[in-house]
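Please read the sequence and the model side by side, moving from single residues to the chain as a whole. The paragraphs below follow that order.

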Amino acid sequence: MLRKDLLMVECGIGAGVLGAEQGPSLIFNHMTNYFSVLDKIHTESELYNSDLPTCLNAINTTISDVSQRVESFFKNQESDFLVVLSGDHSTAAGSIAGLKASYPAQRIGVVWIDAHADIHSPYTSPSGNIHGMPLAAAVNDDHLELKVREVCRVTSQLWNKTKSICNGAINYSDIFYLGIRDLEPQEWNIVETNKISNLTPEQINEMRADEVVSRVLSVLKDCDHIYISFDIDSLDLSLVPGTGTPVKGGLNEGVTIEILKALLENPKVKLFECVEFNPSLDNDNETLNRVLRILKEALFREKLQD
């Protein structure tokens, strides 16, 4: 079996509860024969109880580090495919930024498999949790017309830095959501106003996996490279107790594997990221074992039984 290159990003302070920073190492410890670790990027979890500016400042450092490592990977032609295991979803902004920096003249497509849209800004987010903001940073948008909260000057400056790290990496037209269902009104407005392509779990369940993937790739046909972000809360909450924001009515394990396998067959896919596994919330390793099965079958075609 050929090992795949792996970047581990241990960050949990962008979520509503700590613990996701432990996820990447735990997954890797059960898959040591599958991956070659390139690097491990760590964000201090002690910053979690601080205010939004402090957390955003620390996450900016992390996403900058992630972006630089991803860019180095592709520019040095270490391989044409990279796996990223991350904690909370905030640092996905760095993965997207790094892929764009690797191919600055080319279009990056994003397949965002998630219960949530993660396209809030600090001005629109009711919670202020940064893991709900990576795509807003990547498209360089504040959504001020949908503002529900004021932010301090420092937060505004730090958010501008977040966006500058991403450097307008993607366009709305090059995003495809799979599995979204738990969005605030502001996010539904953003999705509808910007005509972001999406399929809900209900729609996906009425289609074959190859039909779903065909729809995705048709929308992203003009993209040169594709990034896949797989948030485990895209699965139904009954399947993933070990995640911070589980939502009912999600995808099942089988269809998720088939969709990922079909997507990963496309040579445009350069980066696959798995996020939001929180071991501290898991129930008797149920989520860990499910994530391991999904990764082994989707990435390595290793058929495993439940």
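A good place to begin is helix α1, which spans residues 23-29 and contains Ile 27. This is a predicted model, and in it Ile 27 counts as buried because its relative accessibility is 3%, under the 20% that marks the limit for that class. Leaving out residues up to four places away in sequence, Ile 27 touches Leu 85, Phe 277, Leu 288, Val 291, Leu 292 and Leu 295. Not every residue that is distant in sequence is brought to its side, however: Asn 198 is 171 residues from Ile 27 along the chain, and the two C-alpha atoms are 29 Å apart in space.

From the helix we can turn to strand β3, in which Val 83 lies. Is Val 83 buried or exposed? With a relative accessibility of 1%, Val 83 counts as buried, and its contacts, once neighbours within four places in sequence are set aside, are with Lys 4, Asp 5, Leu 6, Leu 7, Phe 35, Phe 272 and Leu 299. One of these partners, Leu 7, is 76 residues from Val 83 along the chain, yet the C-alpha atoms of the two are separated by 6.4 Å.

Ser 79 is placed in the loop between α2, which covers residues 52-75, and β3, which covers residues 82-86. At 26% relative accessibility Ser 79 counts as partly exposed, because that value falls between the 20% limit for buried residues and the 50% limit for exposed ones. Apart from residues up to four places away in sequence, Ser 79 touches Asp 5, Phe 73 and Phe 74. Asp 5 is 74 residues from Ser 79 in sequence, while the distance between their C-alpha atoms is 7.8 Å. Asp 5 is also among the residues in contact with Val 83, so that the loop residue Ser 79 and the strand residue Val 83 both have a contact with Asp 5.

Two asparagines deserve a look for their backbone. Asn 140, although not a glycine, has a positive phi of about 60°, and it is found in the loop between α4 (134-139) and α5 (153-166). Asn 167 likewise has a positive phi, of about 55°, without being a glycine, and its place is in the loop between α5 and β5 (175-178). How far is each of them open to solvent by the accessibility classes? Asn 140, at 44% relative accessibility, counts as partly exposed, whereas Asn 167, at 63%, counts as exposed.

The cysteines raise another point for a reader at the bench. How many disulfides are there in the model? The count comes to 0, where a disulfide would need a pair of cysteine sulfur atoms within 2.5 Å. Cys 11 is in no disulfide, and the nearest cysteine sulfur to its own, that of Cys 55, is 8.7 Å away. Seen from the other side, the sulfur of Cys 55 has its closest cysteine sulfur in Cys 11, and the 8.7 Å between them is too far for a bond. Cys 11 is buried, with a relative accessible area of 0%, and Cys 55 also counts as buried, at 6% relative accessibility.

These residues can now be set within the whole protein, which has 10 helices and 8 strands. The radius of gyration is 17 Å, close to the 19 Å that the globule rule gives for 306 residues, so the protein is as compact as a globular protein of that length. Its C-alpha atoms fill a box of roughly 50 × 40 × 40 Å along the principal axes, and 59% of the 306 residues count as buried. Among contacts between residues at least 6 apart in sequence, 76% join residues at least 24 apart, and the contact of Ser 79 with Asp 5 spans 74 residues.

At the surface, the protein exposes about 12000 Å², of which carbon and sulfur atoms supply 45%. As for charge, the protein has 26 positive and 43 negative charges, and the mean positions of the two sets are 5 Å apart.

Definitions and conventions:
Residues are numbered from 1 along each chain as its sequence is written. This is a predicted model: local features need pLDDT of at least 70, side-chain atom pairs count only at pLDDT 80 or more; totals for chains, interfaces and linings use all residues. Side-chain values use heavy atoms; hydrogens and water are left out. Helices (H or I, at least four residues) and strands (E, at least two) are DSSP runs, numbered from the N terminus. Buried means under 20% relative accessible area, exposed over 50%, partly exposed in between (1.4 Å probe, protein chains only). The radius of gyration is taken over C-alpha atoms; the globule rule is 2.2 Å times the number of residues to the power 0.38. Contact means heavy atoms within 4.5 Å. Accessible areas come from the Shrake-Rupley method with a 1.4 Å probe; for residues, only the protein chains shown count as cover. Lys and Arg count as positive and Asp and Glu as negative; His and the chain ends are not counted. The place of a charge is taken as NZ of Lys, CZ of Arg, CG of Asp or CD of Glu.
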